[in-house]
Amino acid sequence: MERSGRRRNWSARGGRAANGDSPNGENQAYGGDETWAGPGQPGSELIPADQARAEELLPERVAELAAQISEAHTEPRRRRLTMALPRLAGRGGRTAWAGLRSGGRWLTTQVLQMAPRLPVRSAETLRGQFPGRSTEELADILIESASKASASVGAAVGAAMVLPVVPAAPIEIGVETLALVGIELKLIAELHEVYGMRAPGNKIDRTMAYVDAWAHRRGVGLAPGGLVIAIGSPLRRRLERRLISRAGRSALSLAPLLTGAAAGALLNRRETRKLGQEIREDLRRRSPAAIG
């Protein structure tokens, strides 16, 4: 099969390549610009290789963007950063759309891939950035910054819907939800740092503990990890339910004209602030740093 004198390059993801060769990740004999998603898999059709690559990088890029938005000191900078979200939605399109129809499994997978990539500031770093602040003042700063970041995400996605060319709405919802969860996971992790309650274990153990904290809206216990996040596990099912609920609220950002931007900003700010306060109250009860 030839088109415009160019060959195509198929790599199997979740299935066998069309020419029958094994899906070992090696280039097959058909060219250079398209990828086979694999029969029976989300988006099982020919998709451009650059789009497939964008989908693979989506968790990493959202993690970077969520961190930058959270740490931005001014509203203009937050607005500039959040305007990259519609572009990410457009590039990650087909797999995101197929995944959103799968009952939250795509979102859950993306969150679990994104979470370890979120940069978390240590207590020492935060006290260096905000010298002279008490534990409670630092917590105030973190919650307020995360709330503003979430509001900016909702406003940006809502505003994008009035542009002449925008990604499909369900994809926007998925990427907005992923960014919001990234902002909130970073908030949870840094609140634990401030209150001297860093989750135990290595980075992956801590990440899973903070994901569990997000799903249950409470602080992390100090016992070693052992969290089971496999498909069908209670934690994964709870996480999927929370993500579906969060995505449903994100849909308000897609209302006509700019009403969606205003609604998305207000709802996101309120939800992130409420989550931050719930985690904070739980940590206050158990943390020796709470009096600092």
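## Salt-bridge exercises

A search of the whole structure finds 18 salt bridges (each a side-chain nitrogen of Lys or Arg within 4 Å of a carboxyl oxygen of Asp or Glu). This is a predicted model, where local features need pLDDT of at least 70, side-chain atom pairs count only at pLDDT 80 or more, and totals for chains, interfaces and linings use all residues. Residues are numbered from 1 along each chain as its sequence is written, and side-chain values use heavy atoms, with hydrogens and water left out.

**Exercise 1.** Find the salt bridge between Arg 121 and Glu 71, and place both residues.

*Solution.* Start with the distance: the closest N and O atoms are 3.6 Å apart. Next, Arg 121 sits in the loop between helix H5 (105-114) and helix H6 (123-129), while Glu 71 belongs to helix H1 (residues 49-71), so the pair ties together parts 50 residues apart in sequence. Helices here are DSSP runs (H or I, at least four residues), numbered from the N terminus. Finally, Arg 121 is buried at 12% relative accessible area and Glu 71 is partly exposed at 28% (buried is under 20%, exposed over 50%, partly exposed in between; 1.4 Å probe, protein chains only).

**Exercise 2.** Trace the salt-bridge network that includes Asp 140 and Arg 280.

*Solution.* First, Asp 140 and Arg 280 meet at 2.8 Å, N to O. Asp 140 lies in helix H7 and Arg 280 in helix H11 (residues 259-286), so this pair links parts 140 residues apart in sequence. Then, within helix H11, Glu 281 and Arg 284 are 3 residues apart, about one turn, and their salt bridge spans 2.3 Å. Adding Glu 136 completes the network.

Technical notes: Helices (H or I, at least four residues) and strands (E, at least two) are DSSP runs, numbered from the N terminus.
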